[in-house]
Amino acid sequence: MRLTAIAAAVTLAVSPLPALADSHEDEIMATLQSAMDAYGAGDIQYALDELAYAQQLLNGLVAEGLQGFLPAALDGWTMTIDPDAAQGMGFIGGGTIARGEYCGASGCFTITLMADNPMVTSMGAMLGNAQMMAAMGPIVRINRQSFLNQDGDLSALIGNRILVQAEDGDTDIMVQHLEQMDFREMMMFGM
């Protein structure tokens, strides 16, 4: 009974992401069905293993959704998604992460998006307070969002739950990339 409720909840959770879910739905549904079958047969450990795998697949869907907010590379630049960015998220409390590396003639930099992580929540007091941000460094406004500029690295908290960081590059180039982002739409991520 409990496993059926979990499967129903997972199905509802996937439904807001139809474009992403279509490519993964069969594998997720098959894994959930396998978990329910194992549970029905009394193989609790296998049911747990299947649920853990289904959760991994679902987390992958969420990460793909977050990757969609990374800006496109400007002319003369390339962007590469970091496929290993999510490794280690469990060690810092979970959540979702997407990271892109941007490279051009003047060098490379990264843009990282981290959502729904306790570390991000703890930064809310710092990045969610304009006075505190101003005390820590200059503020750069990008599409109505305040970014803290610390030695050329830019950080902002979007919707009190998504950390956006642009690091290790020319500040003007990073700003030009960040200007392409829809922060209002990002606030709705996962909702």
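**A guided reading of the predicted model**

Setting aside neighbours within four places in sequence, H177 touches P71, A72, A73, L74, W77, Y102, F109 and I111. The structure described here is a predicted model, and this residue offers a convenient point of entry. H177 belongs to helix α6. With a relative accessibility of 0%, H177 counts as buried, because the term applies to residues under 20%.

The helix that carries H177 may be considered next. Helix α6 comprises residues 171-178 and lies across β2, β3, β4, β5, β6 and β7. Its direction is at about 45° to β3. Buried residues of α6 are I173, M174, V175, H177 and L178. At the N-terminal end, α6 is capped by D170, a side-chain oxygen of which lies 3.1 Å from the backbone nitrogen of D172.

Three of the residues in contact with H177, namely W77, Y102 and F109, also belong together in another respect: they form one aromatic cluster. A pair of aromatic rings is described by the distance of the centres and the angle of the planes. Across the whole structure, a search finds three aromatic pairs. In the pair of Y102 and F109, the ring centres are 5.1 Å apart and the planes meet at 10°, so this pair is stacked. Y102 and F109 are both buried.

The sheet beneath this discussion deserves a description of its own. Strands of a sheet pair through backbone hydrogen bonds, either parallel or antiparallel. Here seven strands make up an open sheet, with antiparallel pairing, in the order β1-β2-β3-β7-β6-β5-β4. The edges are occupied by β1 (78-81) and β4 (139-142); each has a single partner strand, so one side of each is left without a neighbour in the sheet. From one strand to the next, the twist averages 20°.

Two pairings within the sheet illustrate its construction. Strand β4 is joined to β5 by four bridges, and the two run antiparallel. Within this pairing, I139 stands opposite L148 of β5. The hairpin of β4 and β5 has two residues between the strands, and N143 in this hairpin adopts a positive phi near 50°. Strand β6, residues 153-158, pairs with strand β7, residues 162-167, in the antiparallel sense over five bridges. L154 has A166 in β7 as its bridge partner.

Further positive phi values occur in the loops. Most residues other than glycine have a negative phi, and most peptide bonds are trans. D151, a residue other than glycine, has a positive phi near 55°. This residue, D151, is placed in the loop between β5 and β6. Its relative accessible area of 84% makes D151 exposed, because exposed residues are those over 50%. D168 likewise is not a glycine and has a positive phi of about 70°. The loop between β7 and α6 contains D168. With a relative accessibility of 59%, D168 counts as exposed.

A disulfide is a covalent bond between the sulfur atoms of two cysteines. A search of the whole structure finds one disulfide. The cysteines concerned are C103 and C108, whose sulfur atoms are 2.1 Å apart. The link of C103 and C108 has an angle of 115° about the S-S bond and is right-handed. What is the accessibility of C103? The value for C103 is 23% relative accessibility, so this cysteine counts as partly exposed. C108, at 34% relative accessibility, also counts as partly exposed.

The last residue to consider is L66, which is found in helix α3, residues 44-67. L66 is buried, with a relative accessible area of 0%. Apart from neighbours within four places in sequence, L66 is in contact with T96, I97, A98, L113, A115 and F189. How far apart are the C-alpha atoms of L66 and F189? The separation is 7.2 Å, although L66 and F189 are 123 residues apart along the chain.

How values were computed
Residues are numbered from 1 along each chain as its sequence is written. This is a predicted model: local features need pLDDT of at least 70, side-chain atom pairs count only at pLDDT 80 or more; totals for chains, interfaces and linings use all residues. Side-chain values use heavy atoms; hydrogens and water are left out. A disulfide is a pair of cysteine sulfur atoms within 2.5 Å. Buried means under 20% relative accessible area, exposed over 50%, partly exposed in between (1.4 Å probe, protein chains only). Two strands pair if DSSP finds at least two bridges between them. Axes are lines fitted to C-alpha atoms, for helices over the stretch in contact, and angles run from 0 to 180 degrees between N-to-C directions. Contact means heavy atoms within 4.5 Å. Rings of Phe, Tyr and Trp (its six-membered ring) pair if their centres lie within 6.5 Å; planes under 30 degrees apart count as stacked, over 60 as edge-to-face and the rest as tilted. A polar contact is a pair of N or O atoms within 3.5 Å; within protein, one must be able to donate a hydrogen and the other to accept it, and residues adjacent in sequence count only if both atoms are side-chain atoms.
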